[in-house]
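I opened the notebook to record what I looked up in one structure. The entries are short and follow the order of my searches.

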Amino acid sequence: MRRRWKILIGVLVALAILLAVNTIILNQQTKPAGVTVSGGRILDLTGGAVQVVEQGPTVAGVARRDSASPPPIVLLHCFGCSLHWWDRMVPLLAKRHRVIRIDLLGFGGSEKPKSGYSMEDQARLVALALGRLNAQGAVVVGHSIGFDVATALASESSELVDRLVDIDDAPDPSFGDLPFLARLTFTPVIGQALRRIAPDFAIKDGYESAFAPGYDLGDFSDQAIDDFRAMTYTSYDRSPADSDDYGNELPLDQRVRSAAVPLLVIFGQEDQLYDDPAAAAQAYGDVPGARITIISGAGHSPNVEKPEETSRLILEFAAEAGGAGAGRPGHGR
């Protein structure tokens, strides 16, 4: 009996050591930037290297667009995602608009450093990228955490943003929460262990909450798995924590109101991450002139689930930018 206890204690000690080593390794892991999409390129910026890709009409070397020309559209993806989450919308948006997609720091093809994941830090990198690309007066579209970054961008670099589009991002964390298993992955030691052993089918199941119930991801599940594997544990852990801090410090609706930028809010009616998606969307009703649209049959990612309808809403909103938007709050500041 005593020998069995010694064996058990030895196994537990060895397991504890392995978990501790795994935690240290994953917490210190970093990854360099690398191109993951045709036409993509890496911009080495102060604070990190990010992947960008442009499509549609462009005017190289022109910092300020003509008031009669369509504004650029900048697309910022969700947490655990990449610029590929816009693949189905880009052909529709890029017919007339210059479309710029950016992998946020820690995701997709961008660098994964040990720090720099606050919404303000991310927004500064986006601002530097847009400056490098000579893009101003853009319609900036943020999906989920991407809208946190878009809001910080509008607050700190107003000349870059003509108007904002929010896709399924509530003003603050009080409107919903992640499923239990997803929350468990952010628990110290346990989270790192789960990340190390997660099989593809478990990752796919975890992403299902980002869509409407019963939505068939099809081949897109491979992209979701790739995006999960691309992250480091630090970028996986710090990004949502810093997003929550940003919304708790001052809700996004108040931040947008202060930025005085025209706002379009798009939510999926069947968003599983919020207790009441319609209420989360309507929480932006205090922003002057905000337009709020609920897309039937979509979950947290209408840019993937309903790309045609989502694109149409954004194009209609973008058509009022520039010269047509003169005199609107936030235009031409």
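Below are my notes on one residue, one helix, one hairpin and one pocket.

**Entry 1: R255**

I noted before starting that this is a predicted model. I looked up R255 and found it in helix α10, which covers residues 252-259. Is R255 buried or exposed? Its relative accessibility is 12%, and because buried means under 20%, R255 counts as buried.

I then listed what R255 touches, setting aside its neighbours within four places in sequence. The contacts are T151, S155, Y246, E249 and L250. I checked S155 further: it is 100 residues from R255 in sequence, yet the two C-alpha atoms are 7.3 Å apart in space. For Y246, I found that the side chain of R255 reaches its backbone oxygen at 3.0 Å.

**Entry 2: helix α8**

I turned to helix α8, residues 220-230. How many of its 11 residues are buried? I found 8, so the helix is largely enclosed by the rest of the structure. The buried residues are F220, S221, Q223, A224, I225, D227, F228 and A230.

I also asked what covers the buried residues of α8. The cover includes α6 (190-197), α7 (200-207), α9 (233-249) and α12 (302-305).

**Entry 3: the β1 and β2 hairpin**

I looked at strand β1, residues 41-45, and strand β2, residues 48-55. The two strands run antiparallel and are joined by 5 bridges. I picked L43 and looked for its bridge partner in β2, which is V50.

The hairpin has 2 residues between the strands. I checked the backbone there and found that G47 takes a positive phi near 110°.

**Entry 4: the largest pocket**

I looked up the largest pocket and wrote down a volume of about 1300 Å³. Its lining has 48 residues. Which of them lie nearest its centre? I noted F79, L178, A182, F186 and Y236.

I sorted the lining by type and got 30 nonpolar, 10 polar and 8 charged residues.

Next I looked at which helices contribute. I found that α4 (145-156), α5 (180-184), α6, α7 and α9 each supply at least two residues of the lining. The largest share, 8 residues, comes from α9.

I went back to Entry 2 to compare the names. Helices α6, α7 and α9 are among those that cover the buried residues of α8, and these three helices also supply residues to the lining of the largest pocket.

Conventions:
Residues numbered from 1 in each chain as written. Predicted model: local features only at pLDDT ≥ 70, side-chain atom pairs only at ≥ 80, totals over all residues. Heavy atoms only, no water. Helix = DSSP H or I, 4+ residues; strand = E, 2+ residues; numbered from the N terminus. Buried < 20%, exposed > 50% of the residue type's maximum accessible area, 1.4 Å probe, protein only. Contact = heavy atoms within 4.5 Å. Polar contact = N/O pair within 3.5 Å; in protein donor to acceptor, adjacent residues only side chain to side chain. Pairing = 2+ DSSP bridges. 1 Å grid on protein atoms, 1.4 Å probe; cavity = no way out; pocket = protein on both sides within 12 Å on 5 of 7 lines; lining within 4 Å. Points joined across faces, edges and corners; volume = space filled by probe spheres on them. Nonpolar A, V, L, I, M, F, W, Y, C, P; charged D, E, K, R; others polar.
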